[in-house]
Every structure is written in C-alpha cells, then in structure tokens.
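Q: I would like a close look at one part of this model. Please start there and then work outward.
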Amino acid sequence: MATSGTSSFNATRNEIIRQAAYMVMAVRLGGRMGADIVDVFDHRLNAMIKHWQGKGIHVWTVTEGTLFPQPETVQYALSNAASSAHATQSYSSTTLSADEASGQTVLSITAAIGASGNYIGIVLDDGTIHWSTISGTPGTTVTIVDALTGSASSGNKVFSYSAKIVRPLKVVAARSYDIDSGNETPLTPMSRQEYRDLPNKTATGAYNQFFYDPQLTTGQFYIWQPRTTADQLINFTWHRPIQDFTASGDNPDLPQEW
C-alpha cells in the first residue's frame with residue numbers, strides 16, 4: 001500500500017468558508033461566493049474561534065514570557081500598547097563594556113544585540129532599568145534614542161527585544177529569574193481576594209507571589225513583594241489569544257486535527 005509520506009494538510013480562511021457554504025448549500029458546487037456571503041461566514045468563523053477560546057480549548061497557545069520589573073513597583077500593565085510594561089516572549093542580553101555617564105546616548109556593549117527600533121533596557125547603578133529604543137545598527141556600540149538618566153557601570157546588564165506581548169488571557173505560573181546566577185525560583189499564584197487581603201502591598205522584600213487580572217484590553221500583573229533593585233526578572237507561563245482570520249489566505253491558528 002502506497003502512502004503520500006506527508007502530513008501537512010492545511011486550509012485558508014476562504015477554503016474553510018467555501019466548504020462550509022457547500023455543506024449548508026449557501027452556494028452551489030462551483031458557484032461564486034459573493035462578498036456578502038464571505039462576510040457572513042467570516043464573522044461566524046471568527047465568532048466560533050472566540051467561543052472555543054472562551055472555553056479554554058487552546059493548549060497550543062500556552063507560551064513563555066518575561067517581565068522586566070522596576071524596583072518598588074507592584075503593578076504592571078500587560079499588552080502590546082506602547083504605554084504598557086516591558087514584557088516580551090523572547091529577548092537578548094549582553095553587558096556594558098565600559099562605564100557610562102548620565103546623558104550618554106552611545107553605549108559600549110560586550111556583544112551586539114537587537115536591531116534598529118528594538119526596545120533596549122540598561123540596568124543603571126541606582127538599580128532601575130533605563131528603557132529606550134535602538135537607533136541604527138548596533139555593534140560593539142549601540143546608540144539609544146533616549147539618553148541615560150543615570151550612570152551605569154561596566155558589566156551592568158543590557159536587554160533588548162523587538163515586540164511586547166499581547167494581553168494574556170491567563171497567567172498560569174511565574175518564576176523569579178536572577179540575572180546574575182540564572183537561577184529561577186517559583187512564585188505562588190494568588191487569587192484576587194488573597195492579593196487584596198495583603199496588609200502592605202508595597203513592602204519590599206523577595207518576589208514570592210503574584211496575581212494576574214486579565215481585564216478586557218490590558219491585563220494587570222501584580223507582584224508581591226517588590227524588590228528594591230532590578231536584579232531579577234519574572235519569567236511566566238501564559239495563554240495567548242487565538243489569532244483572528246483577517247485575510248482570505250490566513251491559515252487557522254489551530255492544531256491541524258481541528
């Protein structure tokens with residue numbers, strides 16, 4: 001018995017719509033689908049996907065992210081809006097290779113990271129992370145758009161990433177990540193009530209618990225206890241939304257068997 005040797009079957013949005021239209025006899029075999037039919041079926045298709053998303057049937061969208069906390073900060077807005085916190089799915093890092101004074105825009109780094117337009121964060125000597133964007137092509141020096149607001153010593157960490165994450169539907173786990181040792185420590189999730197019942201939410205200490213409130217457009221991530229310096233990141237496991245169908249040639253953001 002001969003088999004194809006392939007298992008890459010897929011379909012575009014319009015192929016799915018056409019097959020559905022045939023099944024309910026909204027269009028005859030070989031007939032032309034008008035724009036109004038395509039519009040109705042596209043709406044129903046996206047509504048069905050959102051219904052599945054609401055039921056939590058999307059294990060393939062579980063992914064990893066990293067939040068870059070600031071000292072003594074307890075709440076972080078998670079979305080891909082420019083004003084949201086710095087959280088991404090992947091990033092690169094290096095260190096400063098020379099002392100840099102406040103006001104500097106051209107920085108010496110150990111290895112090239114990022115690309116023009118990427119976000120870049122430099123750990124300052126006061127324990128905060130200075131965020132800017134990269135101008136030009138980085139090498140062993142990198143030019144930042146916004147000048148340093150404080151001094152940064154040689155060896156301080158530098159981070160870069162290209163895009164912020166979208167609003168997580170759910171954050172299921174989180175770990176604090178020590179940027180010097182690379183060690184991770186699990187954080188305990190809290191319910192809304194458990195977080196609200198904390199007597200002093202701004203008391204500094206060690207990261208040990210978190211609470212995530214998804215909201216409608218921008219999720220709110222709370223950390224307890226906040227630290228006094230940016231020596232640790234927060235790695236977290238989250239559920240991203242299922243992507244919409246927006247163009248005729250879009251493939252489903254779904255497992256093949258669906």
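What is the volume of the largest pocket?

A: This is a predicted model, so read it with its limits: local features need pLDDT of at least 70, side-chain atom pairs count only at pLDDT 80 or more, and totals for chains, interfaces and linings use all residues. Residues are numbered from 1 along each chain as its sequence is written, and side-chain values use heavy atoms, with hydrogens and water left out.

The volume of the largest pocket is about 280 Å³. A word on method comes first. Rolling a probe the size of a water molecule over the atoms shows where empty space is left. Here the search runs on a 1 Å grid over the protein atoms alone. A pocket is an open set of points with protein on both sides within 12 Å along at least five of seven lines, whereas a cavity is a set where a 1.4 Å probe fits but cannot get out. Lining residues have an atom within 4 Å of a point. Grid points are joined across faces, edges and corners, and the volume is the space filled by probe spheres set on them.

Now the walls. The largest pocket has 14 lining residues. Nearest its centre lie Ile16, Pro252, Pro255, Gln256 and Trp258. Helix H2, residues 35–54, gives the most to this lining, with four residues. Helices (H or I, at least four residues) and strands (E, at least two) are DSSP runs, numbered from the N terminus. By class, the lining has 12 nonpolar, two polar and no charged residues. Nonpolar covers Ala, Val, Leu, Ile, Met, Phe, Trp, Tyr, Cys and Pro; charged covers Asp, Glu, Lys and Arg; the others, Gly among them, are polar.

Next comes the second largest pocket, at about 170 Å³. Ile16 appears in this lining too. The other lining residues are Ile17, Ala20, Val24, Val40, Phe41, Arg44, Leu45 and Met48. Helices H1 (13–23) and H2 each supply at least two of the lining residues. H2 has the largest share, five residues. By class, this lining has eight nonpolar, no polar and one charged residues.

Stay with H2 for a moment. Aspartate 42 lies in this helix. Aspartate 42 counts as buried because its relative accessible area is 16%. The cut-offs are under 20% for buried and over 50% for exposed, with partly exposed in between (1.4 Å probe, protein chains only). Leaving aside neighbours within four places in sequence, aspartate 42 is in contact (heavy atoms within 4.5 Å) with Arg13, Ile17 and Phe245. Ile17 also lines the second largest pocket.

The loop between H1 and H2 holds methionine 25. Its phi is positive, about 60 degrees, although methionine 25 is not a glycine. Methionine 25 is exposed, at 74% relative accessible area.

Two further loops have backbone features to check. Glutamine 215 sits between strand S12 (209–213) and S13. Its phi is near 50 degrees, again positive in a residue other than glycine. Glutamine 215 is partly exposed, at 44%. Glutamine 225 is in the loop between strand S13 (219–224) and strand S14 (232–239). A cis peptide bond, with omega about 0 degrees, joins tryptophan 224 to glutamine 225.

Last, the sheet. Six strands form an open sheet in the order S4-S9-S6-S7-S8-S5, with antiparallel pairing. Strands S4 (92–95) and S5 (106–108) are the edges; each has a single partner strand, so one side of each lacks a neighbour in the sheet. Two strands pair if DSSP finds at least two bridges between them.

Strand S6 (residues 119–123) runs antiparallel to S7, with five bridges joining them. Isoleucine 122 stands opposite histidine 130 in S7. S6 and S7 form a hairpin with five residues between them, and glycine 127 in the turn has a positive phi of about 95 degrees. Strand S7 (residues 129–135) pairs with S8 in the antiparallel sense over two bridges. Isoleucine 134 has isoleucine 144 of S8 as its bridge partner. S7 and S8 also form a hairpin with five residues between them; glycine 136 in that turn has a positive phi of about 80 degrees. Five of the seven residues of S7 are buried.

Alanine 152 lies in the loop between S8 (141–144) and S9 (157–161). Alanine 152 is buried, at 1%. Beyond its sequence neighbours within four places, alanine 152 contacts eight residues, among them Leu96, Ile122 and Asp125.
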